[in-house]
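Here is a short briefing to read alongside your structure viewer. Take a look at the fold as a whole, then follow one helix and its neighbours.

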Amino acid sequence: MNLLILKQISILSAIAGIMLALVTVIPYIGFLSFMTLILFLSALIIVYLKQNDLIGIINVREGCLYGALIGFVSFIAFSIVYTPISMILGWIFPSYTQGVLRFFLNSFGSFVVMFLLMIMMAGLSALFNGFTGLVTAWVYELITGIKKENGQNNSIDFEIK
């Protein structure tokens, strides 16, 4: 594993999580963006990295690990941005249905419960996105016919022009 690739993936997934948090606040689009965050975000980021030649040949194991990292980091960034926005909107507009989160900050115990739910959902997102990353890497292997041999480091860190 290359540390530079892991940093790039973490930054891209945090940015994607923040953007999806801002979109999820919109009531009718929120469900689609939340399901994209939970299920398909790793495939989108891996395809983006492959199209821009930021990662080289990856095997199925690396695709699974990258997907799990994308899922966990993006959901944590999503929760950090979405929770305060949803609580503020719930206080301003009492009919805002997603403002249920405003009840979690009444006591320290409910804050701990909210934090534990956030970590649990981030783990669930990592699981689903890990599988999606695995499938994405497998499809790339299937389409290109190129497999990464054991012991090879075919990753592209950066390109000097």
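From the N terminus on, the elements of this predicted model run α-α-α-α. That makes 4 helices and 0 strands. The points below go from the whole protein to helix 3, and then to some of the side chains on it.

**The protein as a whole**
- Of the 161 residues, 39% count as buried.
- The accessible surface comes to about 9,500 Å², and carbon and sulfur atoms account for 74% of that area.
- Take the contacts between residues at least 6 apart in sequence: 75% of these join residues at least 24 apart.

**Helix 3**
- Helix 3 covers residues 60-92 and has 33 residues.
- From its first C-alpha to its last, helix 3 reaches 47 Å, close to the 48 Å expected at 1.5 Å a residue.
- Helix 3 also has a kink of about 25° at Tyr82, shortly before the proline Pro84.

**Ser74 and its surroundings**
- Ser74 sits in helix 3 and has a relative accessible area of 0%, so this serine counts as buried.
- Leaving aside residues up to four places away in sequence, Ser74 touches Ser13, Gly17, Leu37 and Leu41.
- Ser10 is 64 residues from Ser74 in sequence, yet the two C-alpha atoms are 8.0 Å apart in space.
- A polar atom of the Ser74 side chain lies 3.2 Å from the backbone oxygen of Gly71.

**Aromatic rings**
- How many aromatic pairs does a search of the whole structure find? The search gives 4.
- One of the pairs is Phe34 with Phe75, which meet edge-to-face, at 6.2 Å centre to centre and with 65° between the planes.
- This pair links distant parts of the chain: Phe34 belongs to helix 2 (residues 30-51) and Phe75 to helix 3, with their positions 41 residues apart.
- Are the two partners buried or partly exposed? Phe34 counts as partly exposed because its relative accessibility is 21%, while Phe75 counts as buried because its value is 5%; the cut-off for buried is under 20%.
- Phe78 and Tyr82 form a stacked pair, 5.2 Å centre to centre with 10° between the planes.
- Phe78 and Tyr82 are 4 residues apart in helix 3, so about one helical turn separates them.
- Both Phe78 and Tyr82 are buried, and the kink in helix 3 lies at Tyr82.
- Phe34, Phe75, Phe78 and Tyr82 together form one aromatic cluster.

Note on methods
Residues are numbered from 1 along each chain as its sequence is written. This is a predicted model: local features need pLDDT of at least 70, side-chain atom pairs count only at pLDDT 80 or more; totals for chains, interfaces and linings use all residues. Side-chain values use heavy atoms; hydrogens and water are left out. Helices (H or I, at least four residues) and strands (E, at least two) are DSSP runs, numbered from the N terminus. Buried means under 20% relative accessible area, exposed over 50%, partly exposed in between (1.4 Å probe, protein chains only). Contact means heavy atoms within 4.5 Å. Accessible areas come from the Shrake-Rupley method with a 1.4 Å probe; for residues, only the protein chains shown count as cover. A polar contact is a pair of N or O atoms within 3.5 Å; within protein, one must be able to donate a hydrogen and the other to accept it, and residues adjacent in sequence count only if both atoms are side-chain atoms. The expected span of a helix is 1.5 Å times one less than its number of residues. The bend at a residue is the angle between axes fitted to the seven residues ending there and the seven starting there. Rings of Phe, Tyr and Trp (its six-membered ring) pair if their centres lie within 6.5 Å; planes under 30 degrees apart count as stacked, over 60 as edge-to-face and the rest as tilted.
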